[in-house]
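Biologist: I keep meeting words like "buried" and "paired" and want to see where they come from. Can we go through some of them together?

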Amino acid sequence: MEYKEKYQQWLDFSDEDTKSELISITDEKEIEDRFYKDLAFGTGGLRGIMGAGSNRMNRYTVGKATLGLARYLKSRNDGDISVAIAYDTRNNSQYFAKTAAGVFASQGIKVFIYETVVPVPVLSFTTHYLSCTAGVMITASHNPKEYNGYKVYDSKGCQFCTEDAKNAISFINDITDYSSIPFSEESGLITYIGEKELSAFLDEVKKQSLYEEKSDLKIVYTPLHGTGNIPVRRMLKGMDVTVVKEQELPDGNFSTVRSPNPEEKDALTIAIKKAKEIGADLVLGTDPDCDRVGIAVKDGDDYRLFTGNQTGALLVKFVLTMKKPQLNTKSTLVKTIVTSELGANIGRKFGLQIEETLTGFKYIGDKINKYEQTGKQEFVIGYEESYGYLVGTHARDKDAVVSSMLICQMASWYKNQGKTLVDGLNEIYDEYGYYLDFLDSFVLKGKDGAEKIQNLMTYFRNTGKELFDGIEKVIDFSTGIRDLPKENVLKYIWKDGSWMAVRPSGTEPKIKVYYSIVDPDKNAAKKRLNLIREKIKNIIEN
């Protein structure tokens with residue numbers, strides 16, 4: 001169906017608000033972008049810009065995904081089916097959550113929905129805690145304010161992986177008539193939940209505590225207008241914590257930041273200013289759905305922002321040092337293919353098994369599920385370079401609540417030794433060598449952008465080892481590597497262990513390039529990184 005035909009079809013069946021929004025669009029290119037395709041339900045669920053149209057997040061695309069998911073769950077389960085639903089602080093998150101609840105209820109499925117906003121790991125925990133068949137989280141994580149999303153979890157609280165996602169997608173794609181979606185009102189099948197379930201989650205997080213000695217550590221925390229405010233503060237109770245007032249309360253417009261993403265260096269600007277005022281040792285910021293955390297550490301008169309790889313390496317050393325008596329031959333660290341080898345090398349020195357997964361924490365959660373089934377391995381810690389970490393198996397997704405608690409305990413541990421996290425990181429570099437990691441993201445919007453991303457991946461794939469001098473091998477994950485699902489990722493590995501990876505984002509109109517430079521000389525590493533980045537920039541932007 002051509003986009004103009006779909007546009008007219010939506011004008012015929014949609015509600016008055018949707019119809020009014022569509023009529024107001026005068027830019028033909030905008031109409032094309034909203035209707036040239038259906039918003040794809042991929043392996044990570046839905047993620048898109050909010051608005052009217054088949055390629056947007058709205059009540060109809062949420063309803064379609066929910067109806068398809070309901071039919072899939074009913075095809076796989078004979079008995080009672082139930083779904084846990086939660087949502088973050090984004091605009092329309094609660095509305096989309098209630099929309100999904102109504103559609104599930106119309107299909108005879110029980111719903112347990114949170115009364116208020118909670119983090120992603122809470123939904124992951126709750127799905128298993130309440131013995132639900134599946135879970136749904138309405139969130140677009142760290143994306144800009146225009147976005148929202150819809151994540152789906154299995155009965156263990158792990159995001160749908162390849163097989164489940166593939167099967168669910170087929171049911172969702174079978175729904176072509178948006179006007180047939182049953183938008184039900186409140187029903188007896190919908191139960192509201194809240195404090196009891198959140199407290200149960202926090203009790204499990206508390207069990208992961210590793211260091212509770214008092215210190216004079218001063219912390220500044222910002223929830224960046226997101227869901228972390230209450231749970232993170234409850235886990236840091238007893239510590240000297242100052243909360244950034246301007247960013248304490250929910251705000252779906254994220255009006256105090258350019259982007260509510262702890263990967264972005266300016267996301268912690270206000271928190272760092274507050275830290276300078278009070279002389280804090282550590283700045284902590286969690287993203288809107290509180291599954292990721294970024295930090296800045298006092299370094300002289302200024303504050304040093306840490307990368308996800310740096311924080312991950314420090315956490316690995318801290319957690320393994322504290323857990324050393326409990327470690328055994330089954331103990332395992334799990335990381336993604338675009339995460340630095342530094343933390344893995346620390347794990348190896350402690351005798352841990354190291355497993356790699358594709359990008360996306362769902363694959364780490366899936367490993368935990370498999371370890372429970374086989375008993376051959378025991379999960380200790382998992383993390384990815386994009387600021388997501390998990391210690392414990394209370395959740396099957398990255399958890400900034402447990403991570404925030406452990407980062408603060410780690411900083412206290414170092415401070416009681418007269419050291420900062422900067423000192424701790426330098427000690428790691430002295431022992432394991434220097435690793436310089438960086439990420440470039442190139443935004444390529446719309447239909448033309450999607451085509452360019454596809455063409456760029458073809459170019460990188462065809463160029464192979466000739467892209468740079470000294471490349472020893474190129475790994476193309478789309479061919480199927482080891483036991484990993486096929487994925488559109490390329491990884492170039494140099495002879496000295498340095499590497500670069502290229503992949504399209506699964507959640508935004510971006511192509512991402514990851515770099516990891518290994519060199520004992522920091523200045524040489526920076527110079528080499530800059531040369532590689534410049535070449536990649538010229539290829540992508542020209």
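Here are a few labels, each set against its cut-off.

Modeller: Keep in mind that this is a predicted model.

Biologist: Okay, why is asparagine 148 called buried?

Modeller: Buried means under 20% relative accessible area. Asparagine 148 has a value of 0%, so the label fits.

Biologist: And what makes strand 5 largely enclosed?

Modeller: Strand 5 covers residues 147–153, and 7 of its 7 residues are buried, so the rest of the structure largely encloses it. Tyr147, Gly149, Lys151 and Tyr153 point one way, while Asn148, Tyr150 and Val152 point the other.

Biologist: Why do they split up like that?

Modeller: That's how a regular strand works: side chains alternate between the two faces of the sheet.

Biologist: How do you know that strand 1 and strand 5 pair?

Modeller: Pairing takes at least two bridges. Strand 1 (residues 46–49) and strand 5 have 4, so they count as an antiparallel pair. For instance, arginine 47 has glycine 149 as its bridge partner.

Biologist: What makes strand 4 a partner of strand 5?

Modeller: Strand 4 (residues 134–138) is joined to strand 5 by 4 bridges, again antiparallel, and the cut-off is at least two, so they pair. Here isoleucine 138 is matched with tyrosine 150.

Biologist: Back to asparagine 148: what makes its link to the side chain of serine 93 a polar contact?

Modeller: The limit is 3.5 Å for N or O atoms. The side chains of asparagine 148 and serine 93 meet at 3.1 Å, which is within that limit, so the pair qualifies. The asparagine 148 side chain also reaches the backbone oxygen of asparagine 91 at 3.1 Å.

Technical notes
Residues numbered from 1 in each chain as written. Predicted model: local features only at pLDDT ≥ 70, side-chain atom pairs only at ≥ 80, totals over all residues. Heavy atoms only, no water. Buried < 20%, exposed > 50% of the residue type's maximum accessible area, 1.4 Å probe, protein only. Polar contact = N/O pair within 3.5 Å; in protein donor to acceptor, adjacent residues only side chain to side chain.
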